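Thanks for coming, everyone. I have one structure to walk you through today. Please take a look at it first.

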Amino acid sequence: MAFSLRWELGVRCCVLKRCPYALLSLDALPDWTLTLDLATSWIYIAPPVAGAIIGYFTNDIAIKMLFRPYKAIYIGKRQLPFTPGLIPRNQARLAKRIADTIMGSLLTPGELQNLAQRLLQTERVQGAILWLLQLALDQVKVDKEQRTAKILASILRDLFGESLPRLLKVLARREDFLETQINQIFDQVLLDFQLSEPQARKLSDWLLQVVLPPDVMRQALVDFLTDRNIQIIDEGFREKSSGTYWVVANLLGLRNSLTRLRTYCLDEKDAANARLAELLISLSVRERLRAWLQNISLQNLPLSTVRQLRKTTRESVRSYVQERGADVLKGLGESIDWNNLAVLILNRLRTSAAVTTSLSVISQELALILERYLEEDLEKIVAQIIPILSIDQVIVDRVKATTPEELELTIQGIVKSELQAIVNLGGILGLIVGLVQTGILLLR
């Protein structure tokens with residue numbers, strides 16, 4: 001089977017009508033007729049087809065050889081060249097280069113500091129702290145095993161039983177310990193303190209009924225009227241009296257009267273108690289004592305006496321706290337049921353509206369404190385965190401731990417269109433080279 005190809009060549013400059021200087025006319029050229037058979041035609045068709053196929057599949061094979069084979073292939077003891085693929089064979093070095101690139105240009109200390117500043121903005125920090133506080137409060141509310149109460153009880157027990165006593169021993173050694181506080185209490189409380197009428201009445205009743213009842217007064221009178229005391233009273237009355245009293249003292253004396261009074265109090269207890277009670281009523285001792293207690297006030301004392309009393313009070317309190325304060329606190333801590341107290345505190349916190357409303361304020365204050373701290377030390381903190389995090393080592397380990405199959409899928413998923421474009425470009429370049437070769441063959 002044969003076919004004819006007619007080649008017409010001509011040089012037409014501009015257009016024949018517009019270019020009179022044309023050297024040749026298209027009609028003056030000879031007619032070339034070339035007859036080719038089918039076998040000969042493949043000599044001209046094969047180069048572009050083969051070039052396109054070779055260019056396409058060569059690039060495709062080259063891209064696949066970056067990853068495949070995933071493992072080394074051996075024939076006997078000899079390893080085939082180009083096995084495994086380029087990336088699996090150099091995966092450790094690739095991981096190190098990736099880590100160095102990221103840490104050297106992307107995650108620099110300055111960038112990490114800027115990232116930390118964006119993450120640690122006051123609003124974000126406040127929101128995080130508020131979330132943590134609300135989470136802690138919710139945890140306390142749903143705590144059925146009362147683990148929080150046990151922890152709080154242990155803290156309070158240690159605070160009052162161990163920590164505060166030791167701290168109090170150390171602070172009590174200072175000369176100015178509690179000086180300001182005691183002076184303030186003395187000036188604002190004790191100096192202005194004065195019993196009201198009901199308080200004075202109750203205190204006088206308590207003194208006469210509990211402290212100095214008739215029986216106690218009778219016994220005190222008996223204890224006071226000893227033979228020696230009676231003799232001293234009688235002799236003193238004789239020596240220091242004058243006039244009519246001297247006559248009574250020396251003729252009658254007080255010895256017999258006082259002795260008979262003592263005997264009467266010992267022998268007639270009930271009668272003596274009744275006489276003393278009647279005497280207290282007739283002398284209006286209760287009313288006199290109430291008026292006296294009501295008029296007691298430190299402001300009625302001289303200024304020097306008040307100052308000395310304040311100094312004495314301060315020294316007495318400091319001495320007592322220094323000697324026995326730690327034991328008092330320790331004893332107080334042992335006498336309190338801290339578990340029940342912790343439960344009461346937590347129950348109050350669960351139902352307290354003040355706690356719920358104050359969470360926002362607390363979170364804001366904590367965020368501001370953290371912001372002021374980070375303004376000064378953020379650079380130092382970032383410099384200390386980078387070695388601790390070991391981000392570069394994390395990247396290296398993660399790349400090493402990725403299998404070649406996963407690495408291939410990841411890279412192809414990222415640059416799939418670009419890799420396919422390279423393969424297509426190889427086919428196009430092969431086609432162009434084949435066409436050039438066919439043209440050369442035809443010209444020859």
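I will start with the whole chain, then go to one helix and its surroundings.

First, a caution: this is a predicted model. How confident is the predictor? The mean pLDDT of the chain is 76. Of its residues, 87% reach 70 or more. Among the elements, helix H9, residues 214-224, has the highest mean pLDDT, at 89. Strand E1, residues 3-7, has the lowest, at 35. Over residues 1-36 the pLDDT is below 50. That stretch has 30 contacts in the model beyond near neighbours in sequence. Where pLDDT is low, the predicted coordinates should not be read in detail.

Now the overall make-up. The chain has 19 helices and four strands. It runs to 444 residues, and 22% of them count as buried. The exposed surface is about 32200 Å². Carbon and sulfur atoms supply 62% of that surface. What about contacts along the sequence? Take contacts between residues at least 6 apart: 76% of these join residues at least 24 apart.

Next, a record. An unreviewed UniProt entry lists residues 421-443 as "transmembrane region". What does the model show there? Over residues 421-443 the chain is 100% helix and 0% strand. The C-alpha atoms at the two ends are 33 Å apart.

Let's zoom in on helix H12. H12 covers residues 255-267, which is 13 residues. From first C-alpha to last, H12 reaches 18 Å, close to the 18 Å expected at 1.5 Å a residue. Which residues of H12 are buried? They are Leu 258, Arg 262 and Cys 265. Seen down the axis of H12, these buried residues fall within an arc of 65°, so they line one face of the helix. The spacing has a general background. An α-helix has 3.6 residues a turn, so residues three or four places apart point the same way. On the other side of H12, Asn 256, Arg 260 and Asp 267 are exposed.

What do the buried residues of H12 pack against? Their partners are H9, helix H10 (227-240) and helix H13 (269-282).

Take Arg 262, in H12. Why does Arg 262 count as buried? Its relative accessible area is 18%, and buried means under 20%. Leaving aside neighbours within four places in sequence, Arg 262 is in contact with Val 222, Leu 225, Thr 226, Asp 227 and Ile 230.

Now cross to H9, where we find Leu 221. At 25% relative accessibility, Leu 221 is partly exposed. Beyond residues up to four places away, Leu 221 touches Leu 261 and Cys 265. Leu 221 and Cys 265 are 44 residues apart in sequence. In space, their C-alpha atoms are 8.1 Å apart.

On to H13, home of Asn 273. Asn 273 counts as buried, at 15% relative accessibility. Setting aside residues up to four places away in sequence, Asn 273 touches Pro 214, Asp 215 and Arg 218.

One last stop: Ser 284. Ser 284 sits in the loop between H13 and helix H14 (285-294). Ser 284 is partly exposed, with a relative accessible area of 34%. What is its phi? Phi of Ser 284 is near 55°, a positive value in a residue other than glycine. Most residues other than glycine have a negative phi.

To recap the main view: the buried residues of H12 line one face, and they pack against H9, H10 and H13.

Notes:
Residues are numbered from 1 along each chain as its sequence is written. This is a predicted model: local features need pLDDT of at least 70, side-chain atom pairs count only at pLDDT 80 or more; totals for chains, interfaces and linings use all residues. Side-chain values use heavy atoms; hydrogens and water are left out. UniProt positions are given in the numbering used here, feature names are shortened, and annotations may be inferred rather than shown by experiment. Buried means under 20% relative accessible area, exposed over 50%, partly exposed in between (1.4 Å probe, protein chains only). Contact means heavy atoms within 4.5 Å. Accessible areas come from the Shrake-Rupley method with a 1.4 Å probe; for residues, only the protein chains shown count as cover. pLDDT is the predictor's confidence in each residue, from 0 to 100. The expected span of a helix is 1.5 Å times one less than its number of residues. The arc is that of the directions from the helix axis to the C-beta atoms.
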